[in-house]
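The exercises below ask you to read a protein model step by step, with a worked solution after each task. Try each task yourself before you read its solution.

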Amino acid sequence: MFELTKMQWSAQRTLQGFMCCAMCLVGVGCDHGAPVGASVQDQMMASQEQPASPAPSPVAKAAPSRTVASVNGVAIERKDLIDLLLRAKGLTILQQMVLRETAKQEARRKGIAIVEADIEQEYEFTLQADQFNGKDPDKLTPARREQLIDDWARTRGVSREELRMAMERQACLRKLVQDRIEIDETMLRKEFDRTYGEKVEVRHIQLEASRYFPQIKQRLERGEKFEELARQFSMNGLSKRNGGLLPPFGAADDTVPGVFIKAAFELKPGEYTNPIEAEGYVHVLKLERRIPAEPAKFDDVRATLTRHLKARLTATAMQDIGARLLMQAELRIEDAVLREQYKRLQTAKEIEGPALLGQ
């Protein structure tokens, strides 16, 4: 996932339902010279995972059907297959297509051409960010690269076609922002402190409201493990699978809200906080360990810091412009099934995107 600054947390959370299908397909991070996956703020602020397939909606008039298969002489009609696909995954795929189209339109408007090499480069960034799961330190062969992409897509529950849409969109966004990124000495010094300074590693439980905390506290006092309660009670779809564990962060990390930094650095290992409110959620933090600062010299790591800071700022800028383009889009959904799904989920605040034009 892309790293965000504090200012973008609210925008990411409100747009998450509409955008997560494509925005979270790829990741860029930077820590100790190596890209990382989901960042601290991604995992802290990730709300509940997307709900199951939306309930049935009115079906639009279908075109004349054709048989796509038969079972023991009984035909399976194309329209029935399409109706089922629309109900099951139609809105998810449409979201990704809308996100890609907004980026492509803006690139065309700016006179920016996207070629196949740009899209292929996005696959490379994705694999680099995943660090090949610790494998393949040498240059990949074409066959191995394809295998890794297949593995990456399968483990994240996306198809190669969906991944391709995300790569094309990211290529557009990257070209839109790549000339805007400027880095000065102050920014590098701050990045040095963020990367090599003392850090804390915490677990968290994300709750909808503080009224749920007394039950958590009671069970902790009975000796139940924090990580097991995180798996059971946390709303956070990303970190709960790891028992609420978040990536380490330092006191100089401006990608993490100050309230989390202050609370975490005041804890002793094994201690946990009272409820902390931030960005519409309540969090309980437990300090796992303090990680001492590393004895790195600024001049020795300047080039690495510059490269990784630029990657992080580029990712943030890409996410900013992607969110802006989406919310400014004039969206009309003609299909009745998808239109009703979109309107229902938007009304329930499960997704947020542009208002439907004239609908």
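**Exercise 1. Two helices in contact**

Which residues in H7 meet which residues in H11? Work out also how the two helices are oriented.

Solution. Keep in mind from the start that this is a predicted model. Begin with the list of contacts: on the side of H7, the residues are Glu185, Met187, Leu188, Arg189, Glu191, Phe192, Arg194, Thr195 and Tyr196, and they meet Phe298, Val301, Arg302, Leu305, Thr306, Leu309, Arg312 and Leu313 in H11. Sorted by character, the residues of this contact comprise 9 nonpolar, 2 polar and 6 charged.

Next, turn to the geometry, where the axes of H7 and H11 lie 9 Å apart and the packing angle is about 95°. Angles of 65 to 115 degrees count as roughly perpendicular, and H7 and H11 are therefore roughly perpendicular to each other.

**Exercise 2. Two residues of H7**

Are leucine 188 and arginine 194 buried or exposed? Describe what surrounds each residue in turn.

Solution. Start with leucine 188, which belongs to helix H7. Its relative accessible area is 5%, and buried means under 20%, so leucine 188 is buried. If neighbours within four places in sequence are set aside, leucine 188 is in contact with Ile183, Phe298, Arg302, Leu305, Thr306 and Leu309. One of these partners, leucine 309, is 121 residues away along the chain, and yet the C-alpha atoms of leucine 188 and leucine 309 are separated by 7.7 Å.

Now take arginine 194, which is also found in helix H7, a helix that spans residues 185-196. With a relative accessible area of 5%, arginine 194 is buried. The side chain of arginine 194 is joined to the side chain of glutamate 191 by a polar contact of 3.1 Å.

**Exercise 3. A second helix pair**

At what angle do H3 and H11 pack, and how far apart are their axes? Then find the residues that meet.

Solution. Helix H3 covers residues 78-109 and helix H11 covers residues 298-328; their axes are 9 Å apart, and the angle between them is about 100°. H3 and H11 are therefore roughly perpendicular to each other. At the contact, Val98, Leu99, Thr102, Ala103 and Glu106 in H3 meet Arg324, Leu325 and Leu326 in H11. By character, the residues of this contact of H3 with H11 divide into 5 nonpolar, 1 polar and 2 charged.

**Exercise 4. The order of a sheet**

What is the order of the strands in the open sheet of 4 strands, and which strands form its edges? Follow the pairing from strand to strand.

Solution. The order is S4-S3-S6-S5, and the pairing is antiparallel. The edges are strand S4 (249-250) and strand S5 (276-278), each of which pairs on one side only.

Going along the sheet, S4 and S3 run antiparallel and are joined by 2 bridges. Strand S3 (residues 199-207) and strand S6 (residues 281-291) then pair in the antiparallel sense over 9 bridges, and S6 is joined to S5 by 3 bridges, again antiparallel.

Individual residues show how the strands are matched. Lysine 199 has glycine 250 as its bridge partner in S4, and its bridge partner in S6 is isoleucine 291. Further along, arginine 203 has lysine 286 as its bridge partner in S6, while leucine 207 stands opposite valine 282 in S6. Glutamate 277 also stands opposite valine 282 in S6. The hairpin of S5 and S6 has 2 residues between the strands, and in this hairpin glutamate 279 takes a positive phi near 55°.

**Exercise 5. The two faces of S3**

Which residues point one way from S3, and which point the other way? Say also how far the strand is covered.

Solution. Recall that in a regular strand the side chains alternate between the two faces of the sheet. In S3, Lys199, Glu201, Arg203, Ile205 and Leu207 point one way, whereas Val200, Val202, His204 and Gln206 point the other way. Residues on both sides are buried, and the count for S3 is 9 of its 9 residues. Helix H9 (residues 226-233) lies across S3 and S6, and its direction is at about 40° to S3.

Technical notes: Residues are numbered from 1 along each chain as its sequence is written. This is a predicted model: local features need pLDDT of at least 70, side-chain atom pairs count only at pLDDT 80 or more; totals for chains, interfaces and linings use all residues. Side-chain values use heavy atoms; hydrogens and water are left out. Axes are lines fitted to C-alpha atoms, for helices over the stretch in contact, and angles run from 0 to 180 degrees between N-to-C directions. Angles under 35 degrees count as roughly parallel, over 145 as roughly antiparallel, 65 to 115 as roughly perpendicular and the rest as oblique. Contact means heavy atoms within 4.5 Å. Ala, Val, Leu, Ile, Met, Phe, Trp, Tyr, Cys and Pro count as nonpolar, Asp, Glu, Lys and Arg as charged, and the others, Gly among them, as polar. Buried means under 20% relative accessible area, exposed over 50%, partly exposed in between (1.4 Å probe, protein chains only). A polar contact is a pair of N or O atoms within 3.5 Å; within protein, one must be able to donate a hydrogen and the other to accept it, and residues adjacent in sequence count only if both atoms are side-chain atoms. Two strands pair if DSSP finds at least two bridges between them.
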